[in-house]
Amino acid sequence: MEIILANPRGFCAGVERAIAIVERALEKFGAPIYVRHEVVHNKFVCDDLRAKGAVFVEELDEVPSGSTVIFSAHGVSKAVRTDAEARGLKVFDATCPLVTKVHVEVGKMRNQTREVVMIGHKGHPEVEGTMGQSQGGMYLVETVEDVHQLVVKESDQLSFVTQTTLSVDDATVVIAALQERFPKIQGPKKDDICYATQNRQDAVKALAEMCDLVIVVGSPNSSNSRRLREVAASRGVESYLVDGVDEVQFGWLTGKVNVGVTAGASAPEILVKNVIECIKAMSGAEVVQMTGVDENVSFPLPRELSAAQ
Ligand code: 0CM
Ligand code: SF4
């Protein structure tokens with residue numbers, strides 16, 4: 001048996017930055033540091049930060065006034081920013097710059113009095129944050145069916161944006177349906193799916209071609225991790241999402257020749273390493289790395305938390 005590792009996999013630049021913001025804030029100001037929503041959607045990462053003094057909350061009314069709060073990588077609505085200010089909180093913003101880019105686009109579109117259709121998953125914090133860049137004038141669609149049902153005010157004045165972590169293939173189909181129904185709709189060149197999502201989906205497609213089992217390391221609330229499992233499964237390959245090595249089942253390996261392993265953008269490499277070690281121990285498999293694109297992306301920390309300060 002061979003274990004084939006997808007490349008790239010695991011942490012993206014936005015996740016590295018978001019975790020570093022919490023760690024640096026803890027170092028600089030001491031515990032507790034409040035974090036609005038899981039800073040990234042990974043249980044191991046959040047448990048580790050919690051042990052260091054981070055306190056995760058869902059709403060700002062759980063944060064004592066005068067405290068420091070960090071917004072998660074997924075971004076927040078304008079109302080949340082205003083609320084934080086009104087409560088006198090010190091804010092560090094761990095919103096991924098690629099999510100902020102979409103917020104800025106929405107702002108520009110709304111300033112031109114265009115209505116905006118967002119393609120995304122209902123209830124996801126990134127969708128709530130992006131939809132919350134405007135009071136009204138926005139619509140959410142998830143599927144082609146939603147596009148067919150959509151009622152807008154001015155179909156000649158429409159734009160669209162997307163969640164950053166969608167399935168590239170699913171988004172293409174929904175965008176095509178929007179363009180067919182609203183021929184004048186404007187949008188980004190292709191979509192707003194980020195480089196990390198795109199690259200990890202490309203890698204898992206290549207991986208699935210070579211494997212009869214794919215294991216994706218990531219938490220169940222991580223949108224991009226879930227999409228990786230779906231993409232592999234859509235290639236007809238038995239695929240599982242695991243939060244860690246404890247969830248790997250011996251029975252999955254029976255009769256398999258090549259086992260593919262990858263990880264979502266919020267899953268640390270230590271979890272991948274533990275899964276590999278476990279499969280090796282169970283089966284005596286060899287480990288092979290797939291080649292893939294190099295990612296040389298990094299995002300600076302907020303000035304107050306950067307090393308020079
Ligand atoms: O958006 P998603 O649920 O995939 O979030 P995540 O925390 O798993 O991954 C990183 C991000 C963002 C935005
Ligand atoms: Fe940013 Fe993409 Fe990573 Fe989300 S998955 S934090 S949008 S780089």
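This passage goes through the spaces inside a predicted model and the two ligands that it holds.

Some ground rules come first. Residues are numbered from 1 along each chain as its sequence is written, while chains are lettered from A and ligands numbered from 1 in the order in which they are written. Because the model is predicted, local features need pLDDT of at least 70 and side-chain atom pairs count only at pLDDT 80 or more, though totals for chains, interfaces and linings use all residues, and side-chain values use heavy atoms, with hydrogens and water left out.

Rolling a probe the size of a water molecule over the atoms shows where empty space is left. Here the search ran on a 1 Å grid over the protein atoms alone: a cavity is a set of points where a 1.4 Å probe fits but cannot get out, a pocket is an open set with protein on both sides within 12 Å along at least five of seven lines, and lining residues have an atom within 4 Å of a point. Grid points are joined across faces, edges and corners, and a volume is the space filled by probe spheres set on the points.

The search turned up 1 cavity of 30 Å³ or more, and the largest cavity holds about 280 Å³ of space. It has 24 lining residues, with Cys12, Val15, His74, Thr165 and Asn224 nearest its centre. Among the helices and strands (DSSP runs, H or I of at least four residues and E of at least two, numbered from the N terminus), α8 gives the most to this lining, with 3 residues.

So what takes up the largest cavity? Ligand 2 does (a molecule sits in a cavity or pocket if more than half of its atoms lie within 2 Å of its grid points). Around ligand 2 are, among others, Cys12, Gly14, Cys96 and Tyr195, counted as near when a heavy atom lies within 4 Å. This shell has 7 nonpolar, 2 polar and no charged residues (nonpolar means Ala, Val, Leu, Ile, Met, Phe, Trp, Tyr, Cys and Pro; charged means Asp, Glu, Lys and Arg; the others, Gly among them, are polar).

Ligand 1 has 14 residues around it, and His41, Ser222, Ser223, Asn224 and Ser266 come nearest. A polar side-chain atom of asparagine 224 lies 2.7 Å from an oxygen atom of ligand 1, and a backbone N or O atom of serine 223 is also 2.7 Å from a ligand 1 oxygen atom.

As for open space, the largest pocket holds about 190 Å³. Lys101, Val102, Pro188, Asp191 and Asp192 are the closest to its centre, out of 13 lining residues. Helix α4 (residues 97–111) gives the most to that lining, with 5 residues.

Terms used: A polar contact is a pair of N or O atoms within 3.5 Å; within protein, one must be able to donate a hydrogen and the other to accept it, and residues adjacent in sequence count only if both atoms are side-chain atoms.
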